[in-house]
Number of protein chains: 2
Amino acid sequence: MSNINDVARLAQVSKATVSRVLSGSRGVKEESRLAVLRAAEILNYKPNAIAQSLSCQSTNCIGVICATEHIQQSTGYLQALEKQLSQQHKHLLLRFANDGKSVMHAIQELSNGMCDALVVVGARFPLPELSEDIVLIDCLNPANANSVQCDRIFAAETAVHYLCSQQRRNIALINFPGGEAATLTMDGYRQALHNYVVPFNRQLVIENEPSLRIALQKLINSGVKFTALLVTDDSQAQEAVMMLNQYQLTVPEKVMVFSLDGSTRLPGANTVPAIEYPLENIARRAVELLSGERHNSDLVRGSLLIA
Amino acid sequence: MSNINDVARLAQVSKATVSRVLSGSRGVKEESRLAVLRAAEILNYKPNAIAQSLSCQSTNCIGVICATEHIQQSTGYLQALEKQLSQQHKHLLLRFANDGKSVMHAIQELSNGMCDALVVVGARFPLPELSEDIVLIDCLNPANANSVQCDRIFAAETAVHYLCSQQRRNIALINFPGGEAATLTMDGYRQALHNYVVPFNRQLVIENEPSLRIALQKLINSGVKFTALLVTDDSQAQEAVMMLNQYQLTVPEKVMVFSLDGSTRLPGANTVPAIEYPLENIARRAVELLSGERHNSDLVRGSLLIA
DNA sequence: CTGTTAGCGCATTCAC
DNA sequence: GTGAATGCGCTAACAG
């Protein structure tokens with residue numbers, strides 16, 4: 001691979017001039033500019049990114065630590081993020097992690113000057129206190145200032161409103177296993193019920209249950225009547241639909257299933273109504289936070305998506 | 001962030017010694033070794049990866065260009081690759097691409113010294129001739145020497161054998177839209193039919209049809225009777241199942257659907273029988289190719305997976 | 001407008 | 001065993 005010296009020599013100018021030309025800075029005689037460009041063309045020269053990084057004290061890499069638990073969701077974020085980043089000529093350094101410990105491990109390994117910033121995506125498990133300059137997307141951890149969160153209250157409200165409009169008033173909820181997201185979802189759920197003057201029935205809500213199957217079993221076993229079921233995401237919805245069918249609780253006739261996060265669903269997937277978050281917006285906001293353009297926690301609202 | 005000079009000063013040794021200690025090379029007095037380690041600990045020193053890369057002429061980054069068309073499949077590869085790479089203390093630089101042109105574009109942008117090697121994953125579209133040192137995983141392009149391919153012949157044979165064993169002898173095939181993969185799949189299909197003394201019926205095979213819906217429509221319209229349907233992957237299978245159900249062709253009673261690539265399916269997904277490829281093996285082989293340990297095209301066989 | 005110089009942080013000679 | 005010196009390829013400050 002040719003380097004800046006080769007180009008300088010061939011173009012009969014100094015390294016500095018080559019650098020100036022290729023970095024786009026003004027103040028170079030047109031003649032030498034062309035000479036440099038021609039030489040670079042001939043030698044198929046590309047400035048070495050590593051050397052640039054060392055010199056500028058800034059790699060253009062963003063480390064992205066992606067939770068694997070809800071991988072089909074995270075992949076959507078990943079694509080959206082990559083799109084935003086590559087538009088800004090930044091690179092995405094990917095790590096997967098499935099619990100708090102491995103997230104920390106990944107952070108350690110990426111904190112050696114290789115990345116300009118870090119993002120954690122989709123960690124629905126408790127995270128230890130992280131450095132303030134790490135951006136969180138759709139994670140449980142609420143304390144961090146730099147994060148993009150889904151507006152869970154709004155989502156739950158929207159869901160309940162929709163279901164009530166469909167004459168489903170016995171709405172069950174299998175909530176997040178815990179954390180801020182669970183609380184907020186519950187808030188929106190209760191608030192919306194209140195608006196529709198539907199009495200709140202604690203039996204309809206299953207909380208702190210990590211497994212959907214067990215949660216749903218619990219709900220069914222309790223014997224409480226429900227005509228709609230709110231679950232936290234599409235994979236949960238899919239499992240719920242299959243399980244309900246096994247109990248002759250046909251979907252959507254007897255029970256309408258609603259997914260509180262139906263972003264990034266596949267085209268062919270059997271669709272239940274859902275809240276869809278604007279992945280592009282989320283990614284864009286995250287990248288803004290990374291660039292330090294803003295410094296607060298962002299709340300993103302999703303929209304109702306009907307099959 | 002502290003640098004090597006800080007550590008050297010605190011440990012009362014020279015930079016060279018610090019470097020030696022942290023690079024693990026022998027030939028350092030135990031006393032100074034401990035001094036260095038202690039100093040590094042105190043200063044929370046981490047060798048700067050960029051500087052190391054520049055000095056060693058080797059970043060530890062592998063560029064991975066991932067096709068988005070069959071993203072749910074590619075994600076599996078991505079996870080497997082990341083696992084293998086991180087085990088070798090290598091980093092994964094991710095780009096997405098959805099056609100030959102954007103693959104080339106990504107390759108250009110990653111060829112600036114930032115990566116030690118490149119991988120293209122899941123490109124089911126024709127690729128231009130690529131540099132020999134790029135590793136292809138599950139791509140259509142057959143000419144390249146460095147690639148890991150799925151054994152399509154074996155897969156089709158296995159599928160047909162299984163279906164025949166289930167008394168399904170009228171086996172339709174909606175093949176890949178084209179390329180080597182289509183030819184090989186066809187070969188395996190015909191070979192297996194031959195073994196079972198089932199006459200080959202051209203009407204049962206749909207080729208060169210990019211859209212599954214249209215392909216399946218074509219098959220149904222032709223009026224030919226089929227009791228089994230081979231499709232190329234899980235997303236196709238899912239669409240096919242839905243569409244068949246709409247035609248009262250219940251699955252699996254009337255038509256048994258079989259996915260020729262059912263790797264990386266989600267736990268709750270409605271499952272049809274499929275060929276499952278060993279993602280870990282594939283990733284491992286790819287990484288071996290990257291390291292230049294071998295230089296041939298690798299063929300990986302999948303195994304039968306029954307729901 | 002342009003060339004010279006001095007780093008960026010580290011690994012790697014080569015003497016001692 | 002160890003330290004001083006050199007260079008990886010580039011950018012930026014400065015002087016002309």
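**Exercise 1. The surroundings of DNA strand C**

Which of the 26 residues around DNA strand C come nearest? Describe, in this predicted model, the atoms and residue classes that meet at that surface, and then the polar contacts with bases.

*Solution.* Step one is to list the nearest residues: of the 26 around DNA strand C, these are Ser32(A), Ile4(B), Ser19(B), Tyr45(B) and Gln52(B), a set to which both chains contribute.

Step two is to ask what part of the strand faces the protein: among the atoms of DNA strand C within 4 Å of the protein, 63% belong to sugar or phosphate, and the rest belong to bases.

Step three is to sort the protein side, where the surface near DNA strand C divides into 10 nonpolar, 12 polar and four charged residues. At least two residues of this surface come from each of α2 and α4 of chain A and α2 and α4 of chain B.

Step four is to look at base nitrogens, beginning with side chains: an N or O atom in the side chain of Ser55(A) is 3.3 Å from a base nitrogen of DNA strand C, and a polar side-chain atom of Lys15(B) lies 3.1 Å from a base nitrogen of that strand. The backbone takes part as well, since a backbone N or O atom of Ala51(B) lies 3.4 Å from a base nitrogen of DNA strand C.

**Exercise 2. The surroundings of DNA strand D**

Carry out the corresponding analysis for DNA strand D, and identify the helices that supply its surface.

*Solution.* Begin again with the nearest residues, which for DNA strand D are Ile4(A), Ser19(A), Tyr45(A), Ser55(A) and Ser32(B), out of 26 around the strand. Of the strand D atoms within 4 Å of the protein, 64% are in sugar or phosphate and the rest in bases.

Next, consider the phosphate oxygens: a polar side-chain atom of Ser19(A) lies 2.5 Å from one phosphate oxygen of DNA strand D, while an N or O atom in the side chain of Gln52(A) is 2.8 Å from a phosphate oxygen of the strand. A base is reached by the backbone of Ala51(A), of which an N or O atom lies 3.5 Å from a base nitrogen of DNA strand D.

The elements giving two or more residues to this surface are α2 (15–22) and α4 (49–56) of chain A, together with α2 (15–23) and α4 (49–56) of chain B. By class, the surface near DNA strand D holds 10 nonpolar, 12 polar and four charged residues.

**Exercise 3. The packing of α2 on α3**

How do α2(A) and α3(A) lie relative to each other, roughly parallel or roughly perpendicular? Examine the corresponding pair in chain B too.

*Solution.* In chain A, α2(A) and helix α3 (residues 30–43) pack at an angle of about 85°, with axes 10 Å apart. Angles of 65 to 115 degrees count as roughly perpendicular, and α2(A) and α3(A) are therefore roughly perpendicular to each other.

The contact joins Thr17(A), Val18(A), Val21(A) and Leu22(A) of α2(A) to Ser32(A), Arg33(A), Val36(A) and Leu37(A) of α3(A); by class it has five nonpolar, two polar and one charged residues.

In chain B, the axes of α2(B) and helix α3 (residues 30–43) come within 10 Å and cross at roughly 85°, so that α2(B) and α3(B) are likewise roughly perpendicular.

**Exercise 4. The relation between the chains**

What rotation superposes chain A on chain B?

*Solution.* A rotation of 180°, with 0.0 Å of shift along its axis, superposes chain A on chain B with an RMSD of 0.1 Å. The two copies are thus related as by a two-fold rotation axis. Leu93(A) is the residue of chain A that comes closest to the rotation axis, its C-alpha being at 2.3 Å. Finally, 100% of the contact residues of chain A recur in chain B, the same surface serving both copies.

How values were computed. Residues numbered from 1 in each chain as written. Chains lettered and ligands numbered in written order. Predicted model: local features only at pLDDT ≥ 70, side-chain atom pairs only at ≥ 80, totals over all residues. Heavy atoms only, no water. Near = heavy atom within 4 Å. Polar contact = N/O pair within 3.5 Å; in protein donor to acceptor, adjacent residues only side chain to side chain. Helix = DSSP H or I, 4+ residues; strand = E, 2+ residues; numbered from the N terminus. Nonpolar A, V, L, I, M, F, W, Y, C, P; charged D, E, K, R; others polar. Axes fitted to C-alpha atoms, helices over the stretch in contact; angles between N-to-C directions. Parallel < 35°, antiparallel > 145°, perpendicular 65-115°, else oblique. Contact = heavy atoms within 4.5 Å. Least-squares fit on C-alpha atoms with pLDDT ≥ 70 in both.
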